[in-house]
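Got your viewer open? Load the chain, colour it however you like, and follow along one selection at a time.

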Amino acid sequence: GQVFRLEDYRPNDYLIPQTSLTFRLSPEATRVTAVLTIERRDGVAASAPLVLDGDGLTLLRVAIDGRDLAPADFLATPDLLTIVKPLAASRFQLVLETELAPARNEALMGLYRSSNVYCTQCEAEGFRRITYFLDRPDILSVYTVRIEAPRHEAPLLLSNGNPAGSGDLDEGWHYAVWHDPFPKPSYLFALVAGALGKLADSFTTMSGREVELGIYVEPGKEKLAGYAMDALKRSMRWDEEAFGREYDLDVFNIVAVSDFNMGAMENKGLNIFNDKYVLADEETATDADFANIEAIIAHEYFHNWTGNRITCRDWFQLCLKEGLTVFRDHEFSADQRSRAVKRIAEVRTLRAHQFPEDQGPLAHPVRPRRYREINNFYTATVYEKGSEVVRMIRTIVGAETFRAGMDLYFERHDGHAATIEDFIKVFEDVSGRDLSQFSLWYHQAGTPNLTISSTHSPASGEFTLEIEQSVPPTPSESRKRLMHIPLAFGLVGVDGKPVAYRGFEGASVENGVIHIRKRRHMVRFSGVAERPSLSLNRGFSAPVTLSVEQKADDQFFLAGHDSDAFSRWQAFNTLLTDALIAAFRQILGGEQPGFAARLTGLAGKIAGDETLEPAYRALALALPGEADIARDLGKNIDPDAIFEGREALARAIAGANREMFSELYDRLVDTDAFSPDAASAGRRALRNILLDYLSLLPKGAALAAWHFQSATNMTDRAAALTVLALRHSGSPEAVKALADFEAKYARDALVMDKWFQIQASVPGPRTVEAVRVLTGHPAFSMANPNRVRSLIGTFASANQTGFHRADGEGYRFFAETVLQVEKRNPQVAARLATALRSWRSLEPGRQAKAREALLSIANAENLSADLRDIVERTLA
Ligand code: B3K
Ligand code: ZN
């Protein structure tokens, strides 16, 4: 396939200031008439051909300024339209008529049907599946859209912007016109038509304008959109308060559809959502679902300014909108919930998804320099690491200057397509700092490592840190440059209070942050009488790994006393990780793993510490995942030994704290009416993780079965079912609970996704067969992305022992299934295929089998560009 390179960017010769579209909707033959006002840019020769992008299009008519073009005047293929006729006028009107079959569009890009609803997905390059266009984000156009459809089939007709007319047509048809006054790139175009229920509300903006809000869902499910609506109004208020950003249209609509390639899409004034991130009540959604809905509603809404009003010049700049908008939604959730808990959850996600990406064959800079398929770059690196980079900018310039920089960004670039350089420049301008070394975070892939050691001299009162940075090589970047790493730290005294120091030398230290810029720094603090405990990377100020020689005593001390909540969690998590790695080695050496009583005892202390929030305690008690341990080990992974060690630690913690856990579990029973708020969710999380431990003790299955039966909400019910299925697989209790759940929710697809997901997570060699059988279940469908992700995605990405079965059967099933999905939906298949990205860190036997599976995909016939790109980079 073709490789696109950042350095090849140049503006197009033509612009499209206005776009007018008419859709005559029909499942098999939708007619699209596009009337494009085309303008040649100043200084471009009249002989420059106009070349428009298409993708699988059928062209019916092409005309310029009212005259049909002769066959010799243009060249049309399904994927390209070139107007060869010399164009004397520098501004003219191009009319294009195309015909589409939305009902047969299973790739879910462009215009398609989902449960009889017409909807669109255009980012990144789906608009070219609707009409020929300059389908690139730097072409900003003002859209007017007319939709025509039979009224009984599609009473609701929506597009971007504000409503601008509607009425009846012949033979039971009707139409609606929408006008969006804000120039936008084609990827933000959207259309929805069908029979949907509406939840209506309104919002008064900070300047007193009234905005009509609508959330459209499958008829009868309007009540399930209540939480999403609440989250939307809170997001709108928050963006005014935190960033001074006001909404700009008269209406804001959200539509939930059940077939969607990702989470949601920020189309101007008409967000389209995967229904999983809209529909919720206590009976069907877990606390995690509620939190995701809140975050994604906010994320898409925040794109209105970071993405839509200021968009990207080209797709290499994707992180300009995504990293920044993730940062904004993280801050929103932190303000709505608990900042410390939110930060820990973010870091866990970053480490689980972005670190392995950055440390494997698919590593790429936050701003990539080349791509073959842009859809494969909607990655944890662009999103999550992109957000961390914005966070570091705020750490470096300070919160107030950061806000001033954002204000300048909006002022300078509103209405334009911008670059990462533009973004960095505003912060240089408001702060007077040079961010050129810092900008490497955008340009250089790989997770930097800091090796740190410390010495203290009681005689001189000097405390010295030796810090060394390194960035490991990544594909096509073998030599790395030195980065600017803002490392927040604290010197913690024996009383838990910060240790005062008189001065420092060897690096710039500002507000508790060491600015690491060179390969090596010796930072010497003077006036430090007693040896402090060293708290590093507080708040996770930089997305790096640390190699620190630290005494276990210090870690234990910090786990109990660090005033920075994140670092306190980190200290305990590091102790757990170290114990799990030691256990892994013991198991491989044929020994029984053993665990220190002070470690299992500390788990009990944290669980019972009433000064800590329950949600925080729940997070602390969640052992590092099998994949986390694998990542920290780095090579020669045997997932079975990791699993065994982790089980042993869980049992040791449960055994050492049985009475305390059991009492606390009883005390946490919630008798109040359900509320999805963070504090209530935190109590449920703590109680449910205690159940997980208690289920490992005698009568554990009976306890979990009781928890399942007596649950009054989905959070508790799903938690109990997970414990039964994973810890007591095959027990009568597990079998019964799975059957009860299935019978109760058979008709609720989103709840059945949890049922698929739980069964796909069952550890051990038999799950691959179970998953294969479940692909034949009536509620399963290879055509629906949510179903595929729940069953196949969970199995491949979240079931270490099942997927990595030693005989390779998990990989074979996976390769087969990826190819099956690919026939319909290349994008979902490509995403699924990334599950094998860390194959080189497996032990040699599994490595060979994983490679065979990857090769069997690579050698398949007619491979899509999406899947080929992932598989070839993974094997390279
Ligand atoms: N911008 C969309 C993602 C589009 C993915 C295209 N393959 C959702 C989001 O990040 O808000
Ligand atoms: Zn986004």
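Start with residues 93-188, where an unreviewed UniProt entry places the feature "domain: Aminopeptidase N-like N-terminal". Keep in mind that you're looking at a predicted model. Show the cartoon: this span is 53% strand and 0% helix, and its end C-alpha atoms lie 22 Å apart.

Now jump back to Gly54, in the loop between strand 4 (50-53) and strand 5 (58-64). Is Gly54 buried or exposed? Buried counts from 20 C-beta neighbours, and Gly54 has 23 inside 10 Å, so it makes the cut. To see who is around, select Pro78, Asp79, Leu80, Leu81, Arg128 and Tyr132: these are the contacts of Gly54 once neighbours within four places in sequence are left aside. Then draw a C-alpha to C-alpha distance from Gly54 to Ile130; you should get 7.9 Å, for a pair 76 residues apart in sequence.

Next, select 446-547, listed by UniProt (again an unreviewed entry) as "domain: Peptidase M1 alanyl aminopeptidase Ig-like fold". There's no helix to hunt for here: the stretch is 0% helix and 49% strand, with 16 Å between its end C-alpha atoms. The domain assignment divides the chain into domain 1 (311-443), domain 2 (449-542) and domain 3 (746-876). Zoom out and compare domain 2 with domain 3: their C-alpha centres are separated by 43 Å.

Time for a helix. Pick helix 11, residues 597-608. Its twelve residues should span 16 Å at 1.5 Å a residue, and the end C-alpha atoms sit 17 Å apart, which agrees. Show side chains for Leu599, Leu602, Ala603 and Ala607, which are buried. They cover an arc of only 140 degrees around the axis, so they sit on the same side of helix 11. That pattern has a simple background: an α-helix has 3.6 residues a turn, so residues three or four places apart point the same way. Spin to the other side of helix 11 and you'll find Ala597 and Arg598 exposed.

What do the buried residues of helix 11 pack against? Add helix 9 (552-561), helix 10 (565-588), helix 12 (614-621), helix 14 (639-656) and helix 15 (658-667) to your selection.

Last stop: the largest nonpolar core, 251 residues, in which Val192, Ala228, Val255, Val278 and Ala833 touch the most other members. Helix 10 gives the most to this core, with ten residues. Finish by centring on Ala833, whose contacts beyond four places in sequence are Val818, Ile857, Leu867, Ile870 and Val871.

Definitions and conventions. Residues are numbered from 1 along each chain as its sequence is written. Chains are lettered from A and ligands numbered from 1 in the order in which they are written. This is a predicted model: local features need pLDDT of at least 70, side-chain atom pairs count only at pLDDT 80 or more; totals for chains, interfaces and linings use all residues. UniProt positions are given in the numbering used here, feature names are shortened, and annotations may be inferred rather than shown by experiment. Helices (H or I, at least four residues) and strands (E, at least two) are DSSP runs, numbered from the N terminus. Domain bounds come from an automatic or database domain assignment. The expected span of a helix is 1.5 Å times one less than its number of residues. A residue is buried if 20 or more other C-beta atoms lie within 10 Å of its own, exposed if 12 or fewer, and partly exposed in between; C-beta atoms are placed from the backbone. The arc is that of the directions from the helix axis to the C-beta atoms. Two residues are in contact if their C-beta atoms, placed from the backbone, lie within 7 Å. A nonpolar core is a set of buried Ala, Val, Leu, Ile, Met, Phe, Trp, Tyr and Cys residues joined through C-beta atoms within 7 Å.
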